[in-house]
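Colleague: I should like to go through the assignments for this model and hear the reasoning behind each one. Please set every value against its criterion.

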Amino acid sequence: MTDQEIATHQSFLRIQMDANLQSMHVGAVMRKVKSRTWKKQRYFRLQDDCATIWYKSKKAGNAHSTFSISDVEAVREGHQSEVLLSIADEFPADRCFTLVFRGRRGNLDLVAESAEEAQSWVKGMRKLIESLENMGEQEKLDQWISDWFKKADKNGDGRMNFKEVRDLLKMMNMDMNEDHAHRLFTKADKSQSGTLEDDEFVLFYKMLTQREEVDEIFQKYSSDGQTLSLRDLEEFLREGQLEQERVQEHAMELIERYEPSDTAKTRQAMTIDGFLMYLLSSEGSVFKPAMQQLYQDMSQPLCHYFISSSHNTYLMGDQLRGSSSVEAYIRALKRGCRCVEVDSWDGPNGEPVVYHGHTLTSKILFKDVITVIGNYAFKTSQYPVILSIENHCSVEQQRTMAVHLTRILGDKLLRNTLEGKANSGLPSPEDLKGKILLKGKKIGGLEESLSGVVEDALAAEVSDEDDAAEIDEENDIVRRRPKKSKQRLSKELSDCVVYCKSVRFNSFKHSSVHSKFYEISSFTESKAKKHIKDAGAEFVHHNARQLTRVYPNGIRTDSSNFNPQEMWNAGCQIVALNVQTASTEMDLNDGLFSQNGRCGYVLKPAFMRSMEKQFDPDHPETRAGYRPVKLAVKVISGQQLPKVNLKEGSIVDPLVRMEIHGVPKDQAKQETRYIDNNGFNPVWRETLKFTIHVPELALVRFVVEDHDKTSKNDFIGQYTLPFSCIQQGYRHIHILSKDGTSIPPSSLFVHIRIKEGT
């Protein structure tokens, strides 16, 4: 039986053996809901491949749409979206469910005809998602082959003629010489029928995807030209992968894990198939697997970590007319944000609302936001979440806020110092696991709170971020309002603030003498840049003692982002970005926080945590222990890069650019030449070299673009990771979309070498 037939047979068996999948395969009419007034019937059905959902409108004739199960991140049951909550009085929860897509794509809210049907789809979808996540490399390959066959077989007869093959090559982003394509076609057409079917197509696909550059490496290390013996593989790991420890043990593990041939396994050898499977696996990727796990010391004070942070978290779009949504909080928390922002204003019926004040952005209830935060705060990470409260409410509604916070969050809300006493430093992420901290204004300090000397509704100074949120001094064209020097603050809300008391920043000198460890100042990006330029080393010291928050200038009404790297260079912990906006800046943020189990906390380098050490980001060579390194990356090839222009016949001309983001001295970029008309298997074999002065702070970004002679290059994909997480040797880089989602099987193949430099 061929690979193609096996894949089809396996899908058929899965459907037959599972009642829920059977029900999905038969199909169902469900309501697709976009709002209280937009509810339309659609027919949904699971395709034979068990990997695609097909759906159409009753009125759309032959027009239909599909989406891949791999695009779905999760299934929520009941009224677990704002849209479904809005129709809760019309449709019971047991008929409703939500498909949550990866990246920034909107959710799909559905209402089934019965509770039983809803359960079939919920359980079936969850099973399919789980099986996709557990799929091995060979199964993924079989799936890709099956997908390409279906795309190419336009008339659905289970065979492919040469015209369909030519169309397939264009779909695959490949401009192949017609004679060469015909030669491959004839070679694969073993039955000489003039068409390819099943095993013939598999052979054709394998010839197309043959990796000559990988074959060369394999042959270089193979002593018999057929397999890598255990000794051959050890030599490859030492010389090719630059490994030094546990080499023999690792070689044996790789054969056991990736070699598909039992015969080769018995001989402790690896075939070319096993070798390629290893190189394409997570172990063969550019990111050190050990650093993708939680590997850092989590017992240091909070101010010693970079903290993944979101600005105006409630917004799904721009700052002036965008919609506010609790969904935005779910997305931010699920992507690992540990600091989210809540702008609270007086609302009707005594209920505070959250929105971007003095704009046309929509409003959501404060209590709904807190409910969602309580539900989703610790699904991705157990480490503490900071609620950055921007409080514009009257004392009365502040009391309501405090009631909601304490009632909804319960024990999750940190109400007292740990062990009931004000000690001399911030607790650690480990100490605060499972806790939600409030950042906001506070009457008096921790000491007064503990001694009980604070009076009710005392007036307190407005903190810096509250002024600036309304009027950015350098860009005050957005909106103005008179500044308040005082704001009435309720004792109940004040008491919810423990370790993150918002204070106005005076100067670094003033802070070093008067600031308390639990105080936090906020800066617009412009103010932070000015302080870095004027007193970078002092800023680093300030951030070794206490927390700092940096947020975008008010002029960024389009929800664009500033470069977070500049702020991390000075040790700023809470660098708040518009996470709803796909951008280079968000790629950097995702890159930094992709390590340490994606827990949202990354330990700062030792020289940024010590009050004894001096570090100036503008002059890295002056620090003790200064050791630059040399990075050399040979960009060898690309594999199955996605098309950017979906016009028929359009094929990309790819180039690769490498960017180093770090201290000013490390900012650098270089790129390869572009390859004409080949996004399927372009080969560059070009080496890009860099000197990195502060490797501990550097991020490396690989960008693939479609070269355009007359206009700006089109973005194809990117991958960003911390320099410290890079594996040396022959590595695959599995590139991501603009949205930060994976686009298998697209990748780059590189060789990386890191040496100490001077």
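Modeller: Please bear in mind that this is a predicted model. Let us start with the helix contacts.

Colleague: What makes helix 7 oblique to helix 8?

Modeller: The axes of helix 7 (residues 178–188) and helix 8 (residues 199–208) cross at roughly 140 degrees and come within 9 Å. Roughly antiparallel would require an angle over 145 degrees, and roughly perpendicular covers 65 to 115. The angle falls in neither class, and therefore helix 7 is oblique to helix 8. The crossing of the two is right-handed.

Colleague: Which residues of helix 7 and helix 8 meet?

Modeller: Helix 7 contributes Ala181, Leu184, Phe185, Lys187 and Ala188, while helix 8 contributes Glu200, Leu203, Phe204, Met207 and Leu208. By class, eight of the residues in this contact are nonpolar, two are charged and none is polar.

Colleague: Why is helix 6 called oblique to helix 7?

Modeller: Helix 6 (residues 162–171) has an axis that comes within 11 Å of the axis of helix 7, and the two cross at roughly 120 degrees. The roughly perpendicular class runs from 65 to 115 degrees, and roughly antiparallel begins over 145. The value belongs to neither, so helix 6 is oblique to helix 7. This crossing, too, is right-handed.

Colleague: What residues make the contact of helix 6 with helix 7?

Modeller: On helix 6 they are Phe162, Val165, Arg166 and Leu169, and on helix 7 they are Glu178, Ala181, His182 and Phe185. Five of the contact residues are nonpolar, one is polar and two are charged.

Colleague: Turning to the strands, how do you know that strand 28 is largely enclosed by the rest of the structure?

Modeller: A residue is buried when its relative accessible area is under 20%. Seven of the nine residues of strand 28 (residues 714–722) are buried, so the strand is largely enclosed. Strand 28 also pairs with strand 27 (residues 699–706), antiparallel and over eight bridges. One bridge sets arginine 701 against threonine 720 in strand 28.

Colleague: What makes strand 26 and strand 29 edge strands?

Modeller: They belong to an open sheet of four strands, ordered 26-23-30-29 with antiparallel pairing. Strand 26 (683–692) and strand 29 (729–733) each pair on one side only. Neighbouring strands in this sheet are turned by 25 degrees against each other on average, direction ignored.

Colleague: How do you know that strand 23 pairs with strand 26?

Modeller: Pairing requires at least two bridges. Strand 23 (residues 629–639) and strand 26 run antiparallel and are joined by eight bridges. Within strand 26, isoleucine 692 stands opposite valine 629.

Terms used. Residues are numbered from 1 along each chain as its sequence is written. This is a predicted model: local features need pLDDT of at least 70, side-chain atom pairs count only at pLDDT 80 or more; totals for chains, interfaces and linings use all residues. Side-chain values use heavy atoms; hydrogens and water are left out. Axes are lines fitted to C-alpha atoms, for helices over the stretch in contact, and angles run from 0 to 180 degrees between N-to-C directions. Angles under 35 degrees count as roughly parallel, over 145 as roughly antiparallel, 65 to 115 as roughly perpendicular and the rest as oblique. A crossing is left-handed if the near helix is turned anticlockwise from the far one by less than a right angle, and right-handed if clockwise. Contact means heavy atoms within 4.5 Å. Ala, Val, Leu, Ile, Met, Phe, Trp, Tyr, Cys and Pro count as nonpolar, Asp, Glu, Lys and Arg as charged, and the others, Gly among them, as polar. Buried means under 20% relative accessible area, exposed over 50%, partly exposed in between (1.4 Å probe, protein chains only).
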